[in-house]
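Please give a short briefing on this structure for someone who has not seen it before, covering its enclosed spaces and the surroundings of a strand and a residue.

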Amino acid sequence: MIFQNPTQAFWLLLAETGNTLYMVFAATLISTIIGMPLGVILVITDKGGIKEKLQLNRILGTVVNIGRSFPFAILIVALIPFTRLIIGTSLGTTATIVPLSIAAAPFVARVIESSLKEVDKGIVEAAVAMGSSTWEIITKVLIPEAMASIILGITLTVVNLIGYSAMAGTVGGGGLGSVAIQYGYYRYDVSLIIATVILLIILVQIIQWIGNNIAKAVNKK
Amino acid sequence: MIEIKGVYKEFKGKSNNVEALKNINMHIEQGDIFGIIGLSGAGKSTLVRCINRLEEPTKGEVFIKGKNIMALNSAELREMRKKIGMIFQHFNLLNSRTVAENIAYPMEIAKVPKEDREKRIDELLKLVELEEKRESYPSQLSGGQKQRVGIARALANHPDVLLCDEATSALDPKTTQSILKLLKKINETLGLTIVIITHEMEVIKQICTKVAVMEAGEVVESGPVPKVFAHPTHPITKSFVQNISHDIPVELLNRIDHNRQLFRLSFEGIKTSQPILSRMIKKYGVEANILLGGIDHLQQTFIGSLIIELIGEEGEIKKAVAFLQESDVECEVISQ
């Protein structure tokens, strides 16, 4: 045992759970800020959309696909110079938020896109017929109507990011992933690996449960 | 009120282009309840969408209150649309908003102050008789109630015209009746011009003052409802009229021969009250057997439709038919 007593391990795990949540929620927020407009643009510029622009749609679609096809492990390394530029370091919890956000943004874009596409075309047509502007349709029709589905999509993003953040722990990021690697893997403390895995499972369960409930409350269909 | 001049609409397909509208000319007057009837694919939905430019006509002009809407830029078009109410077959309400919030939507985008919006919502809910559903969500309403909300929403900004796109097609006959009554009431009390797209003859019969019959992208017949349906000239119009009358059972068709012939008689107005048939029977050596028939009340007039079997010498039958035609009764031979 590396730790003198279970209390010490408990505090470490608690602190690193906090770090994981911090990374994941910051990355969710940033990736949603980037991904949401991309998803909206993908929908409205698509064929039959309210601002049909097929060329822009194709270019954006390709960019998003390229972003999604990058393996996360490579993305972290590739982004090191960029991360240093904006955070000052490429190590630690805060620095990990950068690759996490950039990895999740294209995913969020697709999640938002598919949610918005579920909105009945007739409802959008009615809004156009009433004289709505494009901005009004996005903010008053598309997003509110798709809200339940968007929340489920963002919950999915959070869960994915928990997985990614554990991976980031292996290359100098903070959080539960780094505990599993540093104390569990490198120092052969199996009990800590088990503890982190159990914590991650609990986290995912709680987040999914919260997401489902919010989506249910928002859904008026 | 609405003037449609030489409107064409072509949809570009992969292999060939489809002409959805061919040279449509139409004049809709203030206060009209103008019906456009046709089978699905006739182009009626495309036509009504050209009135608020949900579809852009390929060619032609549309005037609303003397203003050429084809000349409007997108900002002007949005302003114009705020004065054109529209209701839909599937209601198209916002599921995430309550009844009151749905009715508020068009006023929000027209920048009506909140206080005035609330007042107007109360007024409209009273008009469509849904006061108790103010805070309900669309998923908690029946089809008829949803359409009432649709109507209230369409009227929110005091429109000049109300476009109805198959507004009753998803409703059962009883609910259809109540929606039609409501539209009629709105037309009478507010003097609102209403354009109704439908494939149901009942709708035209119940409330329309004028009608245009469409087939394959063209208006084949139009005019005041009683006139068009009392003397339908185009086969498609005839089929709509016969639809409200009766279909002929096969057993009757099977027994036709030279001395036993079937006719469809159509007549209108005052003639429905004259004993033309009995006069014919007295005058000629034929027997008449009324098989099916009815007199329909169409707006201010009546139109009658009878299927009769004439039994007698072939020559006498011919004379009898000639007599009917002289009496302004249309006779159509029904063959097998």
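The points below take up cavities, then one strand, then one residue.

This is a predicted model, in which local features need pLDDT of at least 70 and side-chain atom pairs count only at pLDDT 80 or more, while totals for chains, interfaces and linings use all residues. Residues are numbered from 1 along each chain as its sequence is written, chains are lettered from A in the order in which they are written, and side-chain values use heavy atoms, with hydrogens and water left out.

**Cavities**

- The model holds two cavities of 30 Å³ or more, a cavity being a set of points on a 1 Å grid over the protein atoms alone where a 1.4 Å probe fits but cannot get out, with lining residues having an atom within 4 Å of a point; grid points are joined across faces, edges and corners, and a volume is the space filled by probe spheres set on the points.
- The largest cavity encloses about 110 Å³, and among its 14 lining residues Met130(A), Ile84(B), Gly85(B), Arg153(B) and Ala154(B) are the closest to its centre.
- Strand 6 of chain B gives the largest share of that lining, four residues, where strands (E, at least two residues) and helices (H or I, at least four) are DSSP runs numbered from the N terminus.
- The second largest cavity has a volume of about 50 Å³, and strand 8 (residues 193–198) of chain B supplies the largest share of its lining, three residues.

**Strand 8 of chain B**

- Six of the six residues of strand 8 of chain B are buried, so this strand is largely enclosed by the rest of the structure; buried means under 20% relative accessible area with a 1.4 Å probe, protein chains only.
- Both faces are covered, with Thr193(B), Val195(B) and Ile197(B) buried on one side and Ile194(B), Ile196(B) and Thr198(B) buried on the other.
- Strand 8 runs parallel to strand 3 (residues 33–38) of chain B, joined by five bridges, and Phe34(B) stands opposite Val195(B).
- Five bridges also join strand 8 to strand 7 (residues 161–165) of chain B, again in parallel, with Val161(B) opposite Thr193(B).

**Phe263(B)**

- Phe263(B) lies in strand 11 (residues 260–268) of chain B and counts as buried because its relative accessibility is 3%.
- Leaving out residues up to four places away in sequence, Phe263(B) touches several residues, including Leu306(B), Ile317(B) and Val333(B), contact meaning heavy atoms within 4.5 Å.
- Phe263(B) and Ile317(B) are 54 residues apart along the chain, and 11 Å separates their C-alpha atoms.

How values were computed:
1 Å grid on protein atoms, 1.4 Å probe; cavity = no way out; pocket = protein on both sides within 12 Å on 5 of 7 lines; lining within 4 Å. Buried < 20%, exposed > 50% of the residue type's maximum accessible area, 1.4 Å probe, protein only. Pairing = 2+ DSSP bridges.
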